[in-house]
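Open the model in a viewer and keep the selection panel at hand. The stops below can be followed in order.

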Amino acid sequence: MPRAAPILTNFNAGEWSPRLYGRVDLQRYPNAAREMRNLLPLVEGAVTKRPGTRHVAQALGATRLLGFEFSTEQAYVLEFSDSAMRIYRNKSRVESPPGSPVQLATPWNNPFEVSFVQSADTLYAFHQNFAPRKITRTSDTAWTIAIVDWRDGPYLDQNVTATTLTPAATTGSGVTLTASSTAGINAGAGFAAVDVGRAVRIRHSGTTWGWAKIASIVSPTQVTIDIGQAFGGTTASATWQLGAWSQRTGWPRAATFHEERLWFASSSTQIQTLWASVTGDFENLAPTTYGPSPAPATLADNGITYTLADDRVNAVLWLSSGDVLTAGTSGGEFIIRASNLNEAITPDNVTARRGSTRGSAQVQPVRVDDAVLYVHRNRRSVLQLAYEIQRDAYGSSDVSRLARHLVRGQVKQLAFQQEPFCAVWACMEDGSLAAMTYLREQEVVGWHRHQLGGSAVKVRSVAAITTATETELWLVVERVVGGFTRYSIEVLESEFYAGSSSDLANAWFVDAGAQYSGAATTTLSGLSYLDGETVAILANGAVHPPRVVVGGAITLDYPVTRAIVGLPYTARLESMNLEAGAADGTAQGKRQRVHRIVLRLFQTVGIEIGWPGGALDEIPWRSPADPMDAPPALFSGDKRVAPPFDWEDHARIVVQSSLPTPMTITALMPRLVTNDG
């Protein structure tokens, strides 16, 4: 019976799909796990228990969260329901006056269908069925939302019929505009109420362009207009264009900033068309200069209209800006750039090339350095679009292939938490939550599952904002509390890193938690959002027996000055079948017994160890010299344990943390024997 003493030093391959349990031939097999729940594999290789969440406020329902970052010192999270928007900052709700949330009315019935893009204090919002809005911040409590007043475009192709348009004046508001017939106007239907607000452009004498917006409808051949750029005359002209966006033709569904332009894509009638603003003037879409002297011309900084040339007609679902502009459609992904890579995109040099044929879902991607991480059209995989030096081209690869079981709930939303965990979080339609530790330059891709504390828990939205010290992850969480379904806004707490033993009092490893700090007390209140729930308690750094919240409060066994209270959750690591110890061929399928394990830990206390299906042994932390009226000290170093493992058809290790205390594993060193008979 051969003996073996392997060492597991790296866990950042994450949790693998059951379909891979036999792939001991893969190089990363020793770094993978059968289960990695409520744990974060770090880029460095260790695995750490995720922090808990802080309860911020009751949500408006199964709402959508969105990050809004003016700077690292002024970062907000916006909550969108089907009719309203609220604002959060510094892990609290923005209120004015205190107790009254700042709230704006919004037009969208499904905020997850809205595309948002931010410029400084302004957030632009796009939906196919609604005129684009801009949300503007002037202070923490002062926000406005208004329809964007686009200037001069964009436009459909020029009129090719004999129909003329005649303005009654060259400038002014409420000016009458008369068409000689309905031919060429909305497929012969003429003007109607759905054209109100639509742009119209007319050229006179071949030398002067002017534009206006339709203010009202008089008849199918007559409207009133508000003139934005003076017309060159009041004579009839057959050279005219109607606006590409309106309630009749639809509005763009996707947008992004790229090369100092605001780019848009895919209205309901032009699903493969992209538009771009004038350079540096995001609400100006003028396609040419006006004339008469110099003559009208298309300059490099004028607005752009470009339609993808593809053998399939698929709508553009998202745009993402990097070194190149990327567009995702249900049929594939396109790279949009200048024909000369050393130039900026202009109306005359824009080109589009297919970068991938995978196909996208209407889920806003996240960009991590030079890669775009986006959701496949079936929403059951996450793909990476990046430049591949071997091919000298852009291409897509599936970064969820090894953990496909974790994204089968259909990805609904992505958020990238750069610091401290370098993790892409994925919220699913079924309410499950997964994350991927990702660092392309180090070839780190490791998935993990997260189950928040509470009953019937579902995560409905995620968003990330960058502050001066970290990237905060915010969540909308649905739970059954006291027999009722409730929704809450929560934020993942900061990474735990102790500078001294007393820091254990700040270890936040409960969900939907609240914190007390003050004079010694045995009563903790402010927990009405958890009425009827059994909560875990860390009191002055020690684990206190659980309590049931009654009337929004709990009573402790002894006075405390610091406490963290919330819903308990369990972090669990289950290794793959150990491929070690066989004298003849593989160790798989042979009877094995682990008789000792050394755990190399960092700032850890209160964990259990064992094997799947067996009882877990609690690791002792105290020595006879430790004072009994103080919490155990955080432990860093090696713990040698001999749990009562039996002979099994496999050798696997389970390490678990169910107490509201930290756990970080840097290595596992089992000793085992294998029956080769």
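Two strands count as paired here if DSSP finds at least two bridges between them. The model is a predicted one.

**Stop 1: strand 18 and its two partners**

Select residues 199-204, which make up strand 18. Five of the six residues in strand 18 are buried, so the strand is mostly covered, with buried meaning under 20% relative accessible area. Now add residues 208-219, strand 19: six bridges link strand 19 to strand 18, and the two run antiparallel. To check the register, pick V200 and find A212 of strand 19 opposite. The two strands form a hairpin with three residues between them. In that turn, S205 has a positive phi of about 60 degrees.

Next add residues 240-242, which are strand 21. Strand 21 is joined to strand 18 by three bridges, again in the antiparallel sense. Here I202 has W240 as its bridge partner.

**Stop 2: a single buried threonine**

Move to T273, in strand 24 (residues 273-276). Is T273 buried or exposed? Its relative accessibility is 3%, so T273 counts as buried. Show what surrounds T273: apart from neighbours within four places in sequence, the contacts are F264, A265, S266, T305, Y306 and T307.

**Stop 3: a four-stranded open sheet**

Select strands 30 to 33, which form an open sheet in the order 30-31-32-33 with antiparallel pairing. Strand 30 (366-368) and strand 33 (393-398) are the edge strands, each pairing on one side only. From one strand to the next, the twist averages 25 degrees.

Zoom in on strand 30 and strand 31 (residues 371-375), an antiparallel pair with three bridges. V368 has A371 of strand 31 as its bridge partner.

**Stop 4: the largest pocket**

Keep strand 30 displayed, since the strand also appears in the next selection. Which residues lie nearest the centre of the largest pocket? They are L66, F116, Q364, P365 and V366, out of 44 that line the pocket. The space in the largest pocket comes to about 1,300 Å³.

Colour the strands that each supply at least two residues of the lining:

- strand 7 (64-69), strand 12 (115-119) and strand 22 (254-258) are among them;
- strand 26 (316-321) and strand 30 are also included;
- strand 34 (411-417) and strand 38 (455-466) belong to the group too.

Strand 7 gives the most to this lining, with six residues. Coloured by class, the lining shows 23 nonpolar, 13 polar and eight charged residues.

**Stop 5: strand 35 between two hairpins**

From strand 34, step to strand 35 (residues 423-428). All six residues of strand 35 are buried, so the strand is largely enclosed by the rest of the structure. A423, W425 and C427 point one way, while V424, A426 and M428 point the other way.

Strand 34 and strand 35 run antiparallel with six bridges between them, and F416 stands opposite V424. The hairpin they form has five residues between the strands, with C422 in the turn at a positive phi of about 50 degrees.

Then add strand 36 (residues 433-439), which runs antiparallel to strand 35 and is joined to it by five bridges. C427 stands opposite L433 of strand 36. This second hairpin has four residues between its strands, and G431 in the turn has a positive phi of about 95 degrees.

**Stop 6: the cavities**

How many cavities of 30 Å³ or more does a search of the whole structure find? The search finds three. For the largest, select R479, V481, R486, S488 and Y529, which lie nearest its centre among 13 lining residues. Strand 6 (53-58), strand 39 (471-481) and strand 40 (484-492) each give two or more residues to this lining. The largest cavity holds about 80 Å³ of space. Its lining divides into six nonpolar, three polar and four charged residues.

The second largest cavity has a volume of about 50 Å³. To see its lining, select Q592, R593, V594, W611, P612, F645, D646, E648, H650, A651 and R652. By class, these are five nonpolar, two polar and four charged residues.

Terms used. Residues are numbered from 1 along each chain as its sequence is written. This is a predicted model: local features need pLDDT of at least 70, side-chain atom pairs count only at pLDDT 80 or more; totals for chains, interfaces and linings use all residues. Side-chain values use heavy atoms; hydrogens and water are left out. Buried means under 20% relative accessible area, exposed over 50%, partly exposed in between (1.4 Å probe, protein chains only). Contact means heavy atoms within 4.5 Å. Axes are lines fitted to C-alpha atoms, for helices over the stretch in contact, and angles run from 0 to 180 degrees between N-to-C directions. On a 1 Å grid over the protein atoms alone, a cavity is a set of points where a 1.4 Å probe fits but cannot get out, and a pocket is an open set with protein on both sides within 12 Å along at least five of seven lines; lining residues have an atom within 4 Å of a point. Grid points are joined across faces, edges and corners, and a volume is the space filled by probe spheres set on the points. Ala, Val, Leu, Ile, Met, Phe, Trp, Tyr, Cys and Pro count as nonpolar, Asp, Glu, Lys and Arg as charged, and the others, Gly among them, as polar.
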